[in-house]
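Q: I'm new to this one and would like a close look at a single part of it. Could you pick one strand and walk me through its surroundings?

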Amino acid sequence: MFKKIISTTVTLIVLLLCVLIILRCCMSADRSVMTDIVPGDAMIAAYAAGELSAVTTEDPAGEISLDGYYSVYGFVYFPELHQVQITVRYNRSLFGYAGVPEGTEFSYTLGAAKDGERVSPTSVQSYEKGIYHYRRLVFDNVDVAEDASLYCYMRLSDTYESEHPVHHAMQPLVDRKFTKDEVRMLTGEE
């Protein structure tokens with residue numbers, strides 16, 4: 001009887017660990033959070049006039065930064081507005097790694113080269129889900145060309161700055177269709 005209880009307990013623990021690992025993998029692979037566009041007055045006016053297009057990349061430049069602490073996805077470029085929108089996601093453990101209190105806000109910039117000109121976001125939307133923090137960033141006055149690289153720089157302190165490629169040189173830009181929810185936001189329909 002005792003052997004059966006031990007055997008059942010061990011089996012249940014192993015199954016629970018497997019389920020937890022699968023759930024963790026599914027959470028880390030979720031790239032659907034905060035991918036809708038952030039409409040502004042200029043975007044709504046351009047859409048109403050039929051002068052708004054959006055492009056993205058077929059394949060992301062890379063999912064995770066070189067140091068492995070954050071990812072960038074949801075890249076959308078609006079050529080007529082000279083605007084880029086991206087989503088940044090990072091794990092709460094990054095605060096401990098960088099040695100700063102949890103909740104300290106990062107500064108974000110977008111630029112072509114580490115020592116070149118960088119642009120700060122004009123809008124930042126925040127969201128938290130599980131162990132992850134999400135930021136939907138809008139950058140104005142940005143031009144994206146297929147033959148130039150573009151990087152997102154995330155800075156937390158004097159001791160921590162990381163870069164992530166948003167668009168690689170020669171990476172093709174493809175048309176992006178607006179989702180039904182985005183069209184409703186752009187037209188003011190409920």
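A: Sure, and let's start with the whole chain: of its 190 residues, 37% count as buried (under 20% relative accessible area with a 1.4 Å probe and protein chains only; exposed is over 50%, and partly exposed is in between). This is a predicted model, where local features need pLDDT of at least 70, side-chain atom pairs count only at pLDDT 80 or more, and totals for chains, interfaces and linings use all residues. Residues are numbered from 1 along each chain as its sequence is written, and side-chain values use heavy atoms, leaving out hydrogens and water.

You'll find four helices and ten strands here; these are DSSP runs numbered from the N terminus, with helices being H or I of at least four residues and strands being E of at least two.

Now for the close look: strand 3, residues 83–91. Strand 3 runs antiparallel to strand 7, and nine bridges join them (strands pair if DSSP finds at least two bridges between them). Along that pairing, Q83 sits opposite D140 of strand 7. The partner, strand 7, covers residues 132–140, and eight of its nine residues are buried. Strand 7 also pairs with strand 6 (residues 123–129), antiparallel again, through seven bridges. Those two make a hairpin with two residues between them, and G130 in the turn has a positive phi of about 65°.

Back on strand 3, take I86. Setting aside residues up to four places away in sequence, I86 touches V72, Y73, G74, F75, L110, R135, R136, L137, F139, C152 and V166, where contact means heavy atoms within 4.5 Å. I86 is also among the residues that touch the most other members of the largest nonpolar core, which has 27 residues; V84, V88 and Y90 are in that group too. Such a core is a set of buried Ala, Val, Leu, Ile, Met, Phe, Trp, Tyr and Cys residues joined through side-chain atoms within 4.5 Å. Elements giving this core two or more residues include strand 3, strand 7 and helix 3 (93–98). There's a second, separate core of ten residues, with I37 and F78 among them.

What about Q85, also in strand 3? Q85 is buried, with a relative accessible area of 0%. Its contacts beyond four places in sequence include I37, F78, M43 and V138. The side chains of Q85 and Q83 share a polar contact of 2.9 Å (a pair of N or O atoms within 3.5 Å; within protein, one must be able to donate a hydrogen and the other to accept it, and residues adjacent in sequence count only if both atoms are side-chain atoms). In a regular strand, side chains alternate between the two faces of the sheet.
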